[in-house]
Amino acid sequence: MRVFVAGASGAIGRPLISKLIAAGHEVTGMTRSEANAQDVRRAGASAAVVDVFDPEALRVAVEDAGAEVVVHELTALPERLDFRREDLYAATNRCRSEGTRNLLDAARAAGARRFVSQSIAFAYRPEGTRVKTEDEPLLDTAAGGFGRAMAALREMESSVLGADGIEGLVLRYGFFYGPGTYYASDGSTVADVRRRRMPIVGKGSGVFSFIHVDDAADATVAAVERGAPGIYNVTDDEPAPMSEWVPVLAHAAGAKRPLRVPAWAARLIAGKGAITFALELRGASNEKAKRELGWKPAHPSWRTGFAESLR
Ligand SMILES: NC(=O)c1ccc[n+]([C@@H]2O[C@H](COP(=O)([O-])OP(=O)(O)OC[C@H]3O[C@@H](n4cnc5c(N)ncnc54)[C@H](OP(=O)(O)O)[C@@H]3O)[C@@H](O)[C@H]2O)c1
């Protein structure tokens with residue numbers, strides 16, 4: 001199939017274009033920079049140097065690619081996440097609202113039949129069961145910057161799922177680890193762990209779901225090829241509380257054991273958003289993606305995956 005990947009130069013985009021090509025697809029990868037376009041071409045794809053906020057150029061690029069499937073992997077987060085910054089998500093929100101609209105319009109104009117979009121598996125409402133399925137409600141009461149991020153996320157998901165004349169699939173990825181992510185050996189989270197700046201907060205009860213970027217890319221190839229329209233959690237097999245995975249990450253990164261801090265102190269240092277994650281976050285079940293996409297993660301757990309990816 002002819003597949004157009006927006007976000008081809010990103011952490012998931014890079015393995016994704018290689019895996020799509022290996023599966024026999026004809027791939028066009030989008031980036032804003034000529035330097036990243038060179039990498040896209042080196043991987044064996046065609047490159048489109050386009051900004052998602054230039055709708056006319058985007059329409060031409062998707063049409064020129066003859067796209068049958070469009071994949072949305074855009075984001076604009078900084079190299080280090082500072083949850084105290086009110087504008088942390090602003091640029092990503094624009095990619096999710098206006099960017100998604102532009103991509104959907106371009107996909108439809110090109111006659112594409114399927115649209116596969118990223119989303120996140122760490123936005124479930126923090127109540128009830130610790131591990132969530134796709135039909136459970138998302139967070140809808142968050143204040144400030146995170147509240148605006150949730151509004152943009154909901155808008156993105158509903159425009160993809162409700163799009164006329166095109167099959168919409170939403171992949172709610174877990175936290176990425178592996179090359180190019182915050183959890184890579186040169187990533188900011190691992191740097192924090194090495195400096196013992198990633199403590200276990202309170203009881204460390206927030207449940208995280210991770211996914212290696214290579215596994216996320218495999219699931220995305222599967223979603224390009226098959227599966228009914230709808231939402232799929234793309235996470236590994238072991239959602240786990242922070243109290244369990246932070247020490248394993250520290251060990252894998254060659255760091256000392258993580259410190260423990262009370263919730264009130266962490267709130268002062270890292271902000272309310274970080275504390276909500278640390279204490280309240282819910283994990284996500286990958287059963288539906290396994291069953292309906294015929295996919296399973298090659299790295300079934302962060303427990304061995306962190307060490308493998310940081311070797
Ligand atoms: N990181 C995580 O833990 C995580 C977890 C769940 C879901 N996700 C989602 O998965 C998706 C992929 O994440 P990632 O980590 O691979 O992102 P990434 O490494 O930051 O890559 C972002 C990509 O978006 C492109 N981009 C940004 N703004 C653009 C614009 N205005 N026009 C065109 N392209 C633009 C960048 O291209 P150029 O810079 O080359 O132009 C790059 O290819 C994102 O939507 C993210 O929110 C991430």
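Analyst: A polar contact is a pair of N or O atoms within 3.5 Å. Keep that cut-off in hand as we look at this predicted model, beginning with the ligand.

User: What makes leucine 74 a polar partner of the ligand?

Analyst: A backbone N or O atom of leucine 74 lies 2.6 Å from an oxygen atom of the ligand. The cut-off is 3.5 Å, so this pair counts as a polar contact.

User: And how do you know that glycine 7 and asparagine 36 belong on that list?

Analyst: The same test works for each. For glycine 7, a backbone N or O atom is 3.4 Å from a ligand oxygen; for asparagine 36, a polar side-chain atom is 2.7 Å from a ligand oxygen. Both values are within 3.5 Å, so both pairs qualify. As for cover, the ligand taken alone exposes 920 Å², and the protein buries 87% of that.

User: Which residues come nearest to the ligand, and which elements supply the shell around it?

Analyst: There are 27 residues around the ligand, and Ser9, Thr31, Arg32, Leu74 and Arg96 come nearest. At least two residues of the shell come from each of β2 (26-31), α4 (90-109), β5 (114-120) and β8. The largest share, three residues, is from β5. Sorted by class, the shell has 14 nonpolar, nine polar and four charged residues.

User: Let's go to one residue of helix α4. Why is asparagine 102 called buried?

Analyst: Its relative accessibility is 12%. Buried means under 20%, so asparagine 102 earns the label. Its contacts, leaving aside neighbours within four places in sequence, are Val52, Phe53, Pro55 and Leu58.

User: Why is valine 62 called buried too?

Analyst: Here the relative accessible area is 0%. That is under the 20% limit, so the conclusion is buried. Valine 62 lies in helix α3 (residues 55-64). Beyond four places in sequence, valine 62 is in contact with Phe4, Ala67, Val70, Ala106, Ala107 and Ala110. Isoleucine 12, 50 residues away along the chain, has its C-alpha 20 Å from that of valine 62.

User: Why does aspartate 192 count as buried?

Analyst: Aspartate 192, in helix α6, has a relative accessible area of 16%. Since the limit is 20%, aspartate 192 is buried. Not counting residues up to four places away, aspartate 192 touches Arg80, Arg197 and Met198.

User: Now the loop between α6 and β9. Why is arginine 196 called partly exposed?

Analyst: Its relative accessible area is 32%. Partly exposed covers values between 20% and 50%, so 32% fits. Arginine 196 also has a positive phi of about 55°, although it is not a glycine.

User: What makes a set of residues a nonpolar core, and which members of the largest one touch the most others?

Analyst: The members must be buried residues of the nonpolar kinds, joined through side-chain atoms within 4.5 Å. In the largest core, of 37 residues, Phe208, Phe210, Trp245, Leu249 and Phe306 touch the most other members. At least two residues each come from α5 (144-161), β8 (175-177), α6 (188-194), β9 (200-201), α8 (242-252), α10 (272-280) and α12 (302-310). The largest share, five residues, is from α8. Apart from this core lies another, of 29 residues, among them Val3, Leu20, Val40 and Ile211. As a general rule, nonpolar side chains in soluble globular proteins tend to be buried together.

User: Which residues does leucine 249 touch?

Analyst: Setting aside residues up to four places away in sequence, leucine 249 touches Tyr183, Thr189, Val190, Val193, Phe306 and Leu310.

User: Arginine 303 sits in helix α12. Why is arginine 303 called partly exposed?

Analyst: Arginine 303 has a relative accessible area of 39%. That falls between 20% and 50%, so partly exposed is the right term. Its C-alpha is 8.2 Å from that of leucine 249, with their positions 54 residues apart in sequence.

User: And how do you know that arginine 303 makes polar contacts with glutamate 238 and glutamate 244?

Analyst: The side chains of arginine 303 and glutamate 238 meet at 2.8 Å, and those of arginine 303 and glutamate 244 at 2.9 Å. Both distances are within 3.5 Å, so both are polar contacts. Val248 is also in contact with arginine 303.

Key. Residues are numbered from 1 along each chain as its sequence is written. This is a predicted model: local features need pLDDT of at least 70, side-chain atom pairs count only at pLDDT 80 or more; totals for chains, interfaces and linings use all residues. Side-chain values use heavy atoms; hydrogens and water are left out. Buried means under 20% relative accessible area, exposed over 50%, partly exposed in between (1.4 Å probe, protein chains only). Helices (H or I, at least four residues) and strands (E, at least two) are DSSP runs, numbered from the N terminus. Contact means heavy atoms within 4.5 Å. A residue is near a molecule or strand if one of its heavy atoms lies within 4 Å of it. A polar contact is a pair of N or O atoms within 3.5 Å; within protein, one must be able to donate a hydrogen and the other to accept it, and residues adjacent in sequence count only if both atoms are side-chain atoms. Accessible areas come from the Shrake-Rupley method with a 1.4 Å probe; for residues, only the protein chains shown count as cover. Ala, Val, Leu, Ile, Met, Phe, Trp, Tyr, Cys and Pro count as nonpolar, Asp, Glu, Lys and Arg as charged, and the others, Gly among them, as polar.
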